[in-house]
Amino acid sequence: MPRISNKGVSMPESPIRKLVPFAEQAYKEGKTVYHLNIGQPDIKTPQVALDAVRVHSLDILAYTRSEGSEGYRIKIADYYAKNDIHVKHDDIIVTTGGSEALLFAFGTVMDVDDEVIIPEPFYANYNGFSTASGVKVVPVISKIEDNFALPPIEEFEKLITPKTKAILICNPGNPTGYLYSKEEIKKLARIVKKHDLFLIADEVYREFTYDGATHYSILQEEGLEDYAIIIDSVSKRYSMCGARIGCLVSKNKEVIKTALKFAQARLSPPTLAQIASEAALETPQSYFDDVIVEYEERRNVLIEELNKIEGVQVGNPKGAFYCIAQLPIKNSDAFAQWLLESFHLNGETVMVAPAAGFYSTPGVGLNQIRIAYVLNVDSLRKAVNILKEALKAYKD
């Protein structure tokens, strides 16, 4: 029979979604499953976004412009201005989710066999995007002992080769919840300018910062205009994961001109989802204020409860809504599957994301899991208690 491509064979499975069949079987067996595995917020989507789709007056569901509708991009630029990020609507390309924005960025600035340096652990799909683009991920490891802080700049410099084209960060970070400081962004700015690299920042969790901390965007850093590319999305900000609307933002005109060719090749982003996303920009600040209070409480409860479990080490997230927990086990893939197949506490179990898939270095993160604290406080307490009892019963 015909052969599957080497690229297809090399594409990694999602560490988040590969356990879905086991969760579905657990449901069929009557178990309750607490989902700590995926960043699907339980916060309600702003009503203004839902209403905009419900009452639209379109007679034809037509294509929009490849770069996204002009009206929506103008409003995105206004949104950024409120966050002290000053761009024009022509600096923005609307994409089908942040995922497509990343693919466009990879295709725009890297050729096959080029390299991108990424602090790990990182969003698991970066591995998939790099494989699909024929690009090599060069990891620089951040450690749970350091709360996943940016590794020393010297560690980045050691990894730069003639093939290096970019540094990619997620800020605040998925899966660690790490929030890069202004000083760390300035360090990265110096290194990309020194070595003539692009700095790509996945900033989809910009609003989610805690303990009074604030987000500092790479496009707030003066002098990075030709180097900086932002990846963004409405998915988490407005609890609109299913809208699949994101954007690529850069003041580098050649980047936008080139990324637009990739956008034209896929025709246009979805029309109704742009209508919803444009309306979502009218969401009042009080919505975010309430969301941040809720997530900060969830984070505090989760970290407090995890720290009570013997042998568990956990990073303390300052942003997003994830954390990495290191467990007293050998292999979290086997543990996560066992939780769904073989363990329950009074008919309840939990689904977690094994963390090895958030690394590209083989053998790293095998005893770690990513937890998304997108459940209410009571459910989080129950889920962590189940995890505690499961660790007592589990045998490697």
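Is Tyr178 buried or exposed? I looked it up: at 14% relative accessibility, Tyr178 counts as buried (under 20% relative accessible area, against over 50% for exposed and partly exposed in between, with a 1.4 Å probe and protein chains only).

A note on the source: this is a predicted model, in which local features need pLDDT of at least 70, side-chain atom pairs count only at pLDDT 80 or more, and totals for chains, interfaces and linings use all residues. Residues are numbered from 1 along each chain as its sequence is written, and side-chain values use heavy atoms, leaving out hydrogens and water.

Next, I searched the whole structure for aromatic pairs and found 19 (rings of Phe, Tyr and Trp, the last by its six-membered ring, with centres within 6.5 Å; planes under 30 degrees apart are stacked, over 60 edge-to-face, the rest tilted). I noted Tyr79 and Tyr80: their ring centres are 5.1 Å apart and their planes lie at 55 degrees, so this pair is tilted. Tyr178 pairs with Tyr180 in an edge-to-face way, at 5.3 Å between centres and 90 degrees between planes. Tyr180 is buried too, with a relative accessible area of 7%.

Then I followed a cluster: ring pairs link Tyr205, Phe208, Tyr295, Phe321, Tyr322 and Tyr373. I also found the charged end of Arg298 over the ring of Tyr295, 5.1 Å from its centre (the cut-offs are NZ of Lys or CZ of Arg within 6 Å of the ring centre and within 35 degrees of the ring normal).
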